Amino acid sequence: MPQPVLFSPFTVHNLELANRIVIAPMCQYSALDGCMTDWHLIHLGQLALSGAALLTIEATAVVPEGRITFADVGLYDDASEAAMARTLDSIRKWSDMPIAVQLAHAGRKASTEVPWRGGGQFPPTDPNGWQTEAPSAVAFNPNYVPPTALDRDGMKRVRDAFAAAARRAARIGIDAVQIHGAHGYLLHQFLSPLSNQRTDEYGGSLENRARFPLEVLDAVRDAFPSDRPVTMRVSATDWVEGGLEISESVEFARMLEARGCDAIHVSSGGLHPSQAIPISPSYQVPLARAIKSAVKMPVIAVGLIAEPTQAEAIVATGDADLIALARAILYDPRWPWHAAAELGGQVKAANQYLRCQPSQFKTLFVK
């Protein structure tokens, strides 16, 4: 039986991946003052034993006010760096899976409650809230406090914070950085004409709206070791009339590639409460396909990818180079094992688990 493409190796820049399955960043809302806790060790530790090729740490704020919630992970001071380092050191004793981190700033969608308590925004006067910042003073929805429009000094401060976080990530041995430019957060807010109403050279045309995200990419690329990948996650469309569209995201992808971006992770939505998303299995794959047709850098598809044959079809037909799992791998932390068994692939398992290999899949685990 031929080896499925999903379980063939792949290289992003100099990072060698054992297969085409990556674990997407998934917020856990379980940090204390930006510092990882034992929950992150449990959560990330089990995923590091999943057999996937790459584990991506959740959206990690580059400044305290860039957190989505007060319980988000940060990488902006010595304490948050030390907490992440402790977590990684423990995981790496038992897993050699490469680990990436998603660096982020939530912009106008920051200062919120954790999702299981409603997720609404706290006012700046609340002990768990603060004044948000964005490209323009336009609130995410009528219930949110309008953000402060970033001036040039504020933009420089944010850009430098992304670079500083990248240096911290390098210091603790992170293998790759993903810049969060999706889901309605700060860099996406600059890209979308719905949230970016600036009249200077950072607003108006796509070239202008892309300027600040590209400056952040440049700063991170300069700060992170040149032999390790720097990638970006994008929302390829806002799913709202007058918002960011796939044609602009294709052009933005070309800009990213020209500036040395090593891969692009294609998602969508999150910017506007009026979004109308046609949710169905693989609903974002056509967006990945459109971008892949325009660039040479690797493309990662994500979004309601839950079945092994579905994932295999995405990479085997060339719609994307890699697939990312989020909710599916929370539900089934051994998803790569089960996919390999179904498709006839092989996957790495910890020595402690080798004896659980089912008798009908005699070559499932790589020896």
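In this predicted model, 19 residues line the largest cavity, and those nearest its centre are Leu 54, Thr 56, Gln 178, Thr 231 and Ile 300. Strand 2 (15-17), strand 3 (21-23), strand 4 (54-61) and strand 8 (176-181) are the elements that each give two or more residues to this lining. Strand 8 has the largest share, with three residues. As for chemistry, the lining is made up of 15 nonpolar and four polar residues, with no charged ones. The volume enclosed comes to about 170 Å³.

That cavity is one of three in the structure with 30 Å³ or more. Next in size is a cavity of about 40 Å³. Its lining takes in Ala 59, Ala 61, Gly 66, Arg 67, Ile 68, Asp 72, Val 73, Ala 104, His 105, Ala 106 and Tyr 185. Here the classes come out as seven nonpolar, two polar and two charged residues.

Then there are the open spaces. The largest pocket has a volume of about 1,200 Å³, and of the 45 residues lining it, Pro 25, His 183, Arg 233, Ala 326 and Arg 327 sit closest to the centre. Two elements that each supply at least two residues to this lining are strand 12 (322-325) and helix 10 (327-331); helix 10 gives the most, with three. Sorted by class, the lining of the largest pocket holds 25 nonpolar, 16 polar and four charged residues.

The second largest pocket holds about 540 Å³ of space. It is lined by 25 residues, and Ala 18, Asp 96, Met 97, Lys 348 and Ala 349 are the closest to its centre. Of the lining residues, 15 are nonpolar, seven polar and three charged.

What about the chain around these spaces? Its secondary structure amounts to eleven helices and twelve strands. The C-alpha trace spans about 65 × 40 × 40 Å along its principal axes. A compact globule of 367 residues would have a radius of gyration near 21 Å, so the 20 Å of the protein chain agrees with that expectation. Buried residues account for 61% of the 367. Contacts also reach across the sequence: among those between residues at least 6 apart, 69% join residues at least 24 apart. On the outside, the accessible surface of the chain is about 14,900 Å², and carbon and sulfur atoms make up 53% of it.

Definitions and conventions. Residues are numbered from 1 along each chain as its sequence is written. This is a predicted model: local features need pLDDT of at least 70, side-chain atom pairs count only at pLDDT 80 or more; totals for chains, interfaces and linings use all residues. Side-chain values use heavy atoms; hydrogens and water are left out. On a 1 Å grid over the protein atoms alone, a cavity is a set of points where a 1.4 Å probe fits but cannot get out, and a pocket is an open set with protein on both sides within 12 Å along at least five of seven lines; lining residues have an atom within 4 Å of a point. Grid points are joined across faces, edges and corners, and a volume is the space filled by probe spheres set on the points. Helices (H or I, at least four residues) and strands (E, at least two) are DSSP runs, numbered from the N terminus. Ala, Val, Leu, Ile, Met, Phe, Trp, Tyr, Cys and Pro count as nonpolar, Asp, Glu, Lys and Arg as charged, and the others, Gly among them, as polar. The radius of gyration is taken over C-alpha atoms; the globule rule is 2.2 Å times the number of residues to the power 0.38. Buried means under 20% relative accessible area, exposed over 50%, partly exposed in between (1.4 Å probe, protein chains only). Contact means heavy atoms within 4.5 Å. Accessible areas come from the Shrake-Rupley method with a 1.4 Å probe; for residues, only the protein chains shown count as cover.
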